[in-house]
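Student: Could you take me through one part of this structure closely, and show me how it fits into the rest?

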Amino acid sequence: MKISYKWLKEYVDLDMTPEELANKVTLTGIEVDGVKHPDAGLKKIVVGYVESTKPHPDSDHLQLCQVQISADETVQIVCGAPNVAAGQKVIVALPGSRIANNEKIKKGKLRGEISNGMICALQEIGFSDDVTPQVYADGIYVLPADAEVGQPVYAYLGMDDAILDLEITPNRADALSVRGVAHEVAAIYAQAVHFPKVALTEATKKASAVLQAQVTDVADAPSYNLRVLENVTIKPSPLWLQRRLWNAGVRPINNVVDITNLIMLDYGQPLHAFDYAKIGGQTIEVRRAQADETLTTLDGKERDLTEDDIVITNGADVLNLAGVMGGLDSEITNETTTVILESAVFEPTHIRKTAQRYNLRSEASSRFEKGVNTATVLTALDDAASLMADLADATVLAGRVSPTVLKPADVTVNVSTERINRVLGTTITTAEVKAIFERLGFGVTEAAGIFTVSVPPRRWDIAIEADLIEEVARLYGYDRLPETLTASASTPGLLTERQQLIRHLEATLEANGLSQALSYALTTPDKANAFQLTASQPTSVDWPMTVDHATLRMNLVSGLLDDLAYNAARKQQNVALYEQGRVFLKQHQATVRPHELEYLAGAITGDWQTATWNQPAQPVDFYQLKGLVESTLAEFNLTTTPEFAATARHQDMHPGRTADILVGNQVVGFLGQVHPRVSQQYRLPATYVFQLDLEQLLALEQQTVMYHAVPRYPAITRDIALVVDESVTNAALTATIRENGGSYLSAVQLFDLYAGAHIDTGKKSLAYTLTYQNTAATLTDDQVNEAFAKVVAALQTEHAATIR
Amino acid sequence: MSSLQDKLIALQKQGITEIEKSADLKQLNDIRVNLLGKKGPITEVLRGMRDLTKEERPAVGSFANKVRDALTESIETRKQALEAAKIERQLAQETLDVTLPGTPVKMGSHHVIMQTVERLESVFLGMGFKVVLGYEVEEEKYNFEKLNMPKDHPARDMQDTFYINQDILLRTHMSPDEARTLEQHDFSTGPMKMIGPGRVYRRDTDDATHSHQFFQMEGQYIGENVTMADLKGTLSFAIREFFGAEREIRFRPSYFPFTEPSVEVDISCFKCNGAGCDVCKYSGWIEVLGAGMTHPNVLKAAGVDPAKYGGFAFGLGIDRFAMLKYGIDDIRQFYQNDVRFLSQFK
């Protein structure tokens, strides 16, 4: 809401600067976004009088104007505006002046003719196109005839004002009016407001003689009031009125429309004017639209109406979308002579819905949907009628046509000094509290620190005790409230074990070289669907803004691949990322709300280590990733060791390079190479990923950490190298070794794997170090040899291994 | 006798000269073997003692021993010197260019959003708050209804929402957690103090300052004697911890449906320190969070008696905090995960 400092000053006595006022208002409750001085930066722009014009000898559109710029000086100015004419008072930027955008005007020649400055359009001195009156939109502005030649133009145009831009929160719609802001400012500075009295002269002819009205459902329009004005002359508004409008960001149109806008700015009460001659009858009816009805609104668009729209009709045809926008057919035009003026209160929710439905947010609808001051519905109407009598020569017919009327009433709210201080943590006295309510203009009675406060209708946001406490707090000053750290019972501030473990996993992955990523949880349906660990149905949002963010992810891998692709497109080919976040799973399509599961995933691509002066590049591979996953799983300290089982069940993964991760029978994750078909779609080279279901892992049994004595006796090792069929897995061999290793076997480590020359085709060679340890005594060679021989024998019989 | 003695003297002199001339340990060892070995000249001389008289023998023997000792000592000294020189040479050969780069150790980085979350968490954990993580897909009633935002409340205009259907939506703020935690809290165990950091979603078109997904943290403290002065004290402490002790903080009235009185908190601008610049839009102040005393309707909706219990709630944008603290100018960077961005936040 743009508030003119000068207009405000007519209602409250202000002696501070606009900037001081803005700061105070901000700190007391309504944020002021900025203070604008329309004449800021302008210089040497004065009223000129065009004495004569003649065509430029060397141009088909320029005029040579003789312009009087002071009592005793007339100069030539070349002007290209189509509407320049002798006898006009105009805006002249003199040589050496500054106009909008800090542009400097100099004396010069235009096609050989001297020009001593420039005759300006409003836009050239800083007016926006939105507020420039239509008639001057494409030409120079013409000042009133009584403008004094040589004087600065700013005061004539209202540019010597200061405009405060107020950010009005939804609860303070009372401040969507100059009067509302005046009350606020008066409360802040402990001043009184003074509004001028308006006297309305009515004709003897009764409005009810020419117009009847009815409201079908009182709830839709609890207050609906009309006046009829005859003998109206449509013409431009006087300059003082136009100034008020354009300083508030509203374009002047004609006197009748301008008056309705002025009253809306002044009271916050939207008004509507109909052309009586065009409503087709003598009846106005407020009702709901029918589904098959249409209306062409003022913007020329035909709207298909719904039964949720409140409309104004002539008893049959729709004239208006109530409170939102008028119809084209009953619009005020230059030929209008009889005007119906409407001032009403409409049901806010319907107005809001209608405005949304047709994308027709207007100054009027936004006020109706947030509420209006029920105490000034009639005052605003009468005030407008009176102005129309003055400025449009209107005859105001006697009486209002009011099928519904609201009786404005104060709201009574109680609060105590003790309660206020308890909530605020203050020691404000009863007298101070009372003074604050009085400054707000509320009725107040007090006994023993308990207040009964009568809140007038203009502050319809106040209904309960907490609202009054807020009023006290803000007028007392938030800056004066003490700052304390509460002395109430102490509470333990701890992360849960789950939260701690997740943080720990993240730290482990980072220490191991992966950077944390945060991807979008809303993605394309395809990406949401890919890389699922547990089969799930997708959850999509209604009306997604783009297909890129339509469906909730059911895996974390797609997001990481997006991240890798983003990096690769920027020549960052060697990337290792992980993400910890949620996936959204549900078993049945019909289920609306998915389960939210914490997952952990990682993706590596390119070189794990790039080549350096002392080591070659190390491209990412399966075992690199597996090591990362193993060290991550180790952090869970599970009682059952996770196992890796080859799988081809993941269609987005390489069928020969993917393993499910199993704990017992539970699949807790997978890892492997992304299917080359998929990595190609992301324009990525070989990429390895893992994905773990943290929910399952966190639910598994963990080992209790207990100290085991560090061995005091030396361990003995034996190496074994064997040749087996290519199909025999490491897991199978290790299992055989462990099963037959005897009680002293403490570790089995693969230290070599070879296939190729010197080994038969279809065979491979593996070499293991077996570590034997007796924690109670020194092992003898005989004990170890005996145990080792059993392992050798088992490998030979179970795997047809040849010992090398 | 004298001839033997003279021989020994000559041997000693010559031996020492050779020892001192020796260039390496092998040469020195050869000299030692030559001089002192069984076939060496000293042994030879001593063998010649057979021809001496019984009286002469002790003196010559003793002299011969002295010569041998002197030579042995000289060899030892030379040996040490040669060994030291050898080590010197070896060390000289082993000298490295210590300015060559170290072998890289791969280290990942923690996302700046999570660093911000965790920094704030630690501040509030220290003040006895617990961390609560709610649902990203929420029920409409927890996201709006129970927060004093009934259907068609104008404040819903401020939040454009992704709906799954008319009752289920993607949370638009972290407040639903507050409502849920409040419902479950047993006040006989003490006050309720929680923070809830997490992802939220709004129907915004992604650009430098808008994102359809971002992170928020909300907090709530409800008890029997929690005041607005506590709100100011707690939030001032947290803001100074995060943004620096030198920041000025200002509290001013605002509006949120779920609090009354409501507060907006500004800090003095980092860039201009309050003088006015493009960062603070020439106001000298930067808005950092919203807060207020929990609205009685919110307490009632959770079954908490507003006459007995009350307190404050606050909400802040994690992305905004990170952007302000580190001067990040495009919110999309948080979710693009460019490694050149991620790695900057150590």
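Tutor: Happily; here is a walk from one residue out to the two chains around it.

This is a predicted model, in which local features need pLDDT of at least 70, side-chain atom pairs count only at pLDDT 80 or more, and totals for chains, interfaces and linings use all residues. Residues are numbered from 1 along each chain as its sequence is written, while chains are lettered from A and ligands numbered from 1 in the order in which they are written.

Let's start at I168(B), which lies in strand β3 (residues 168-170) of chain B. Strands here are DSSP runs of E with at least two residues, helices are runs of H or I with at least four, and both are numbered from the N terminus. With 19 other C-beta atoms within 10 Å, I168(B) is partly exposed. On this scale a residue is buried if 20 or more other C-beta atoms lie within 10 Å of its own, exposed if 12 or fewer, and partly exposed in between, with C-beta atoms placed from the backbone.

What does I168(B) touch, leaving aside its neighbours within four places in sequence? Its contacts are V592(A) and R593(A) in chain A, together with V137(B), E139(B) and E140(B) in chain B. Contact means that the C-beta atoms of two residues, placed from the backbone, lie within 7 Å. K141(B) sits 27 residues away from I168(B) along the chain, and their C-alpha atoms are separated by 8.7 Å.

From there we can step out to the contact of the two chains. Chain B puts in 75 residues and chain A 79. On the side of chain B that touches chain A, helix α8 (residues 228-243) of chain B gives the most, with eight residues. That side of chain B has 36 nonpolar, 24 polar and 15 charged residues. Here Ala, Val, Leu, Ile, Met, Phe, Trp, Tyr, Cys and Pro count as nonpolar, Asp, Glu, Lys and Arg as charged, and the others, Gly among them, as polar.

Now for chain B as a whole. Its secondary structure comes to twelve helices and nine strands. Chain B is more spread out than a compact globule, because its radius of gyration is 44 Å, well over the 20 Å that the globule rule gives for 346 residues. The radius is taken over C-alpha atoms, and the rule is 2.2 Å times the number of residues to the power 0.38. The C-alpha atoms of chain B fill a box of roughly 135 × 45 × 45 Å along the principal axes. Chain B is divided into domain 1 (2-94) and domain 2 (112-342), with bounds from an automatic or database domain assignment. The C-alpha centres of these two domains of chain B lie 92 Å apart. Buried residues make up 42% of the 346 residues in chain B.

Across the contact, chain A has 19 helices and 42 strands. Chain A is also more spread out than a compact globule, since its radius of gyration of 41 Å is well over the 28 Å that the globule rule gives for 804 residues. Its C-alpha atoms fill a box of roughly 130 × 85 × 60 Å along the principal axes. Of the 804 residues in chain A, 43% are buried. The domain assignment of chain A includes domain 5 (497-699).
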